[in-house]
Number of protein chains: 2
Amino acid sequence: MEYAEPKRIVLLGTGKVATHLALALQGLDGYRIIQLYGRRASSIKRILDKLSEPIPYTSSIEDIQTNADYYIFALSDTALASVFAQMPQTTGIWVHTAGSVALSTIAEHHLTSGVLYPLQTFSLEKSVCWRDIPIYIEATEEVGRRALEQLAQALSAQVSYATTLQREALHLGAVMACNFSNHLIAQAQSWLSANGLEPEALMPLLRETFAKLETMSAYEAQTGPAVRGDRTTIERHEALLKHSPKLLALYRFLSESIVQEHSDSKEIDNIE
Amino acid sequence: MEYAEPKRIVLLGTGKVATHLALALQGLDGYRIIQLYGRRASSIKRILDKLSEPIPYTSSIEDIQTNADYYIFALSDTALASVFAQMPQTTGIWVHTAGSVALSTIAEHHLTSGVLYPLQTFSLEKSVCWRDIPIYIEATEEVGRRALEQLAQALSAQVSYATTLQREALHLGAVMACNFSNHLIAQAQSWLSANGLEPEALMPLLRETFAKLETMSAYEAQTGPAVRGDRTTIERHEALLKHSPKLLALYRFLSESIVQEHSDSKEIDNIE
């Protein structure tokens, strides 16, 4: 049994990642958030309201505690640069959580630095299971690497190393797979509403669309008029969209992309 | 208790919808498939192999039984027209299963006609639960309407009426929500593979992306650099895609669409 003092964490940020990190870190044996930093009192209040125990907080960078073990910067890419520049000298390892910010960006400001990138989408309204979130880490030096690995493994069962370039590629893939497909579903939902139909009608279809991805690749799972080369249906859909120029452009662009991707490989099947 | 003779069904088609309908109809009390029609022997064999009991079948339209209660045309939109034109005179109701084919297209050939449109995506490899599939029906006349409603309600707990125009709108929404989002996930998976990363890394993210849609609209669930107005990340991603012109075009088009959709409404948050 170890009776070591808990590791001391300063958490910077009050957005979605910061909120979910704070919730996870509060429940973690061996770690303690000693301070929360946020620019605005209203954002600090929003995050504190969600936590089971109060945390000391500040909205002044100059009041940040300088003797912690971890400084976790869960801030937007744009906020990161200005916060790094204003930070006091501290002990410990500095870690950012951004998919598309290089390790070198943080290492310029503090020698022992790293990245802890959770490949997940976070909403304020919905809890997540950190054990299942793939976390990608990167660090400047051996001592920081071990400290970062310990923290990441305390949070998740799926910790891997990724270089800055690999992490950026992951982030880009996540944007395409998650943000873009969500946008298309949003467009479909508002199209149904505009036509007096219930957006909920799509739910069984969406559940099945995603259940399929547990057993086959999305390429193999592709269905629909474009992959069948069914020009009649595509033209009929384009006619339905003639008063919705934005949707029409989206429909044409995506259909063409599917046709191109699959034109060389598919036998035309009887039906979707 | 009713001891009526089972209703006699002729099923035309050997594709995905026909296969899943055949599987469902074989398990349905009060209904019996008396004949299966398919153009090619290989396709007929493929569907028969999946069924628990053999069914009489033919690949000649002239041999189709003319005294059934239901003729279900689960054929591609293009095959429908030519099969309708070659069909003999029959008893019963003719029903097609296509999202984007008008009721009038089938009614031209047979007075008592209808549409039974299951709003679902079907794969040969994966079974589906028909009770949960929303089915939209439409019929030319009262007597056919009742027969069709009975069949649809025997298959599914979610049966609604939809006009041809409503059904086309539903189909278009389904293509956008399901086929297009699947295509983007396929692009993301192949992008990860091309960069030496595991496509499976996206699964926890995808699960969460779709779990969110059970509790909020896709519009509310939108995350990512585009909805944050995070131009730095968007430009970094575009730079990563400079040798992938097709993906770059897709990335720009979708990001711009999200920016436009959300530009009027969002406070910029700290982080995704």
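**Exercise 1. The sheet of chain B**

In which sense do E2(B) and E3(B) pair, and over how many bridges? Place the pair in its sheet in this predicted model.

Solution.
- Step 1. E2(B) and E3(B) are joined by 2 bridges, and the pairing is parallel.
- Step 2. One residue pair to look at is Tyr37(B), which stands opposite Thr58(B) in E3(B).
- Step 3. The sheet of chain B is open, has 8 strands with mixed pairing, and follows the order E3-E2-E1-E4-E5-E6-E7-E8.
- Step 4. The edges are formed by strand E3 (57-58) and strand E8 (158-161) of chain B, each of which pairs on one side only.

**Exercise 2. The sheet of chain A**

Give the strand order of the open sheet in chain A, and find the bridge partner of Leu36(A) in E3(A).

Solution.
- Step 1. The order in chain A is E3-E2-E1-E4-E5-E6-E7-E8, an open sheet of 8 strands with mixed pairing.
- Step 2. Its edge strands are strand E3 (57-58) and strand E8 (159-161) of chain A, and each pairs on one side only.
- Step 3. Strand E2 (residues 31-37) of chain A runs parallel to E3(A), with 2 bridges between them.
- Step 4. Within this pair, Leu36(A) has Tyr57(A) as its bridge partner.

**Exercise 3. Strand E5 of chain A**

Determine whether the two faces of strand E5 (residues 93-96) of chain A are covered or open, then describe how E5(A) pairs with E4(A) and with E6(A).

Solution.
- Step 1. On one side of E5(A) lie Ile93(A) and Val95(A), on the other Trp94(A) and His96(A); all are buried, and both faces are covered.
- Step 2. Strand E4 (residues 70-73) of chain A is parallel to E5(A) and is joined to it by 4 bridges.
- Step 3. Tyr70(A) finds its bridge partner in E5(A) in Ile93(A).
- Step 4. Between E4(A) and E5(A) the chain passes through helix H3 (residues 77-86) of chain A, giving a right-handed β-α-β crossover.
- Step 5. With strand E6 (residues 113-118) of chain A, E5(A) pairs in the parallel sense over 3 bridges.
- Step 6. Here the bridge partner of His96(A) is Val115(A) in E6(A).

**Exercise 4. Helix H1 of chain B and the core**

Why can helix H1 (residues 16-26) of chain B be called largely enclosed? Add the surroundings of Leu12(B).

Solution.
- Step 1. Of the 11 residues of H1(B), 9 are buried, so the rest of the structure largely encloses this helix.
- Step 2. The buried residues of H1(B) include Lys16(B), Val17(B), His20(B) and Leu25(B).
- Step 3. The buried residues of H1(B) pack against strands E1 (7-12), E2 (31-37) and E4 (70-73), and against helices H2 (41-50) and H5 (142-155), of chain B.
- Step 4. The largest nonpolar core has 126 residues, and those with the most contacts inside it are Leu12(A), Phe73(A), Leu12(B) and Phe73(B).
- Step 5. Beyond four places in sequence, Leu12(B) touches residues including Tyr37(B), Ile64(B), Phe73(B), Val83(B) and Met87(B).

**Exercise 5. Relation of the two chains**

Find the operation that lays chain B on chain A, and inspect contacts of Phe253(A) and Ala186(B).

Solution.
- Step 1. A turn of 180° with a shift of 0.0 Å along the axis superposes the chains with an RMSD of 0.0 Å.
- Step 2. The two copies are therefore related as by a two-fold rotation axis.
- Step 3. Among the residues of chain B, Ser181(B) comes closest to the rotation axis, with its C-alpha at 2.1 Å.
- Step 4. Both copies use the same surface, since 99% of the contact residues of chain B recur in chain A.
- Step 5. Phe253(A) is part of helix H11 (residues 245-262) of chain A. Its relative accessibility is 26%, so Phe253(A) counts as partly exposed.
- Step 6. Outside its neighbours within four places in sequence, Phe253(A) contacts Ala249(B), Leu250(B) and Phe253(B).
- Step 7. Ala186(B) belongs to helix H6 (residues 164-194) of chain B. With 10% relative accessibility, Ala186(B) counts as buried.
- Step 8. Leaving out residues up to four places away in sequence, Ala186(B) touches Ala218(A) and Tyr219(A).

**Exercise 6. Confidence**

Which scores does the model carry, and where in chain A does pLDDT stay under 50?

Solution.
- Step 1. The model has ipTM 0.87 and pTM 0.86.
- Step 2. Chain A has an average pLDDT of 93, with 96% of the residues at 70 or above.
- Step 3. Over residues 266-272 of chain A, pLDDT stays under 50; the model has 36 contacts beyond four places in sequence for this stretch.

Conventions: Residues are numbered from 1 along each chain as its sequence is written. Chains are lettered from A and ligands numbered from 1 in the order in which they are written. This is a predicted model: local features need pLDDT of at least 70, side-chain atom pairs count only at pLDDT 80 or more; totals for chains, interfaces and linings use all residues. Side-chain values use heavy atoms; hydrogens and water are left out. Buried means under 20% relative accessible area, exposed over 50%, partly exposed in between (1.4 Å probe, protein chains only). Two strands pair if DSSP finds at least two bridges between them. A crossover is right-handed if, with the strands pointing away from the viewer, the path from the first strand over the helix to the second runs clockwise. Copies are superposed by least squares on the C-alpha atoms of residues with pLDDT of at least 70 in both. Contact means heavy atoms within 4.5 Å. A nonpolar core is a set of buried Ala, Val, Leu, Ile, Met, Phe, Trp, Tyr and Cys residues joined through side-chain atoms within 4.5 Å. pLDDT is the predictor's confidence in each residue, from 0 to 100.
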